[in-house]
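Visitor: I would like a close look at one part of this model, taken slowly. Please start with a single residue and work outward to what surrounds it.

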Amino acid sequence: ERNGLLFPPDELMYFDKLPDEVPTKIVAPVDVAWGGGDACSCPCSYVYKDKNIKNSYEVYIPAVVFEYGDKSKSQPEIARMVFEHNIGHLRIEKNNGGAEYRDDLDRIFKEKGITCNIDCKSAPTKVAKEGKIFASAPDIKAHFHFLKSGLRNDQYQKFMQQLFLYTINGSNKQKDDAPDSLAQGNDMIKTPSAPTFTIFQRPF
């Protein structure tokens, strides 16, 4: 990889308009953070699959929560994104308080009349996480589409900048919130998930 970068800007795909067809599903991984220099990273992922082609999928990411504040900031933002994009499935990494974060979101969703399946999955160790990101990189570059520059809000732009700067064999201090959430999302999409649900009341 050029200069050790795993996701150079010119090796990713970009879009300015979602496909016309209805997505197969809309999901979002949540890489939990509680502030303190890490970002809560949650890319909204529209998944399109061709049933006639095995293992065919394209992923478009029209919105991202990439929040450095504590849960009082990130959770309402995720709830709003779930509502606005009709996200049917969230997956939260269980480690680092993920179960508590899930319970908080579930309470917020019930208060606002949002129905969305939320599950938790154990997060890998630091070394295993790096391996997961590296293993997922070819899929992310081949199947994931990101908003073009100029169409991104501030959080989306910060998400992309962290992704661009992620390096192979980087220091222990390098930030991995964006690439880790994408690797988690790729795993969600490639493995069976719970069915999607609809929102039955406008909460905002």
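Guide: Cys42 counts as buried because its relative accessibility is 0%, and the cut-off for that word is under 20%. This is a predicted model, so what follows describes a prediction, as computed from its atoms.

Being a cysteine, Cys42 raises the matter of disulfides. A disulfide is a covalent bond between the sulfur atoms of two cysteines. Cys42 takes part in none: the nearest cysteine sulfur belongs to Cys40 and lies 6.4 Å away, while a disulfide requires two sulfur atoms within 2.5 Å. Cys116 is in no disulfide either; its nearest cysteine sulfur is that of Cys42, at 9.2 Å. Cys116 is also buried, with a relative accessible area of 11%. The structure as a whole holds zero disulfides.

Next comes the strand. Strand 3 covers residues 40–48, and nine of its nine residues are buried, so the rest of the structure largely encloses it. Its side chains alternate in two groups: Cys40, Cys42, Cys44, Tyr46 and Tyr48 point one way, and Ser41, Pro43, Ser45 and Val47 point the other way. Both groups are buried.

Strand 3 has partners. It runs antiparallel to strand 2 (residues 25–30), and three bridges join the two; in one of these pairings, Val27 has Ser45 as its bridge partner. Strand 3 also runs antiparallel to strand 4, with eight bridges between them. There, Ser41 is partnered with Phe66 of strand 4.

Strand 4 leads on to the core. The largest nonpolar core has 58 residues, and Ile78, Leu90 and Phe146 have the most contacts inside it. Strand 4, residues 58–67, gives the most to this core, with seven residues. In soluble globular proteins, nonpolar side chains tend to be buried together.

Leu90 ties several of these pieces together. Among the residues it touches are Cys42 and Cys116, the two cysteines above, along with Val30 and Ile78. Leu90 also touches Met188, and Met188 is one of the buried residues of helix 5.

Helix 5 is the last stop. It spans residues 177–190, and its end C-alpha atoms are 20 Å apart, which agrees with the 20 Å expected for 14 residues at 1.5 Å a residue. Of those 14 residues, 12 are buried, so helix 5 is largely enclosed by the rest of the structure. The buried ones include Asp177, Leu182 and Ile189.

Definitions and conventions
Residues are numbered from 1 along each chain as its sequence is written. This is a predicted model: local features need pLDDT of at least 70, side-chain atom pairs count only at pLDDT 80 or more; totals for chains, interfaces and linings use all residues. Side-chain values use heavy atoms; hydrogens and water are left out. A nonpolar core is a set of buried Ala, Val, Leu, Ile, Met, Phe, Trp, Tyr and Cys residues joined through side-chain atoms within 4.5 Å. Buried means under 20% relative accessible area, exposed over 50%, partly exposed in between (1.4 Å probe, protein chains only). Helices (H or I, at least four residues) and strands (E, at least two) are DSSP runs, numbered from the N terminus. Contact means heavy atoms within 4.5 Å. Two strands pair if DSSP finds at least two bridges between them. The expected span of a helix is 1.5 Å times one less than its number of residues. Lists of a residue's contacts leave out its neighbours within four places in sequence.
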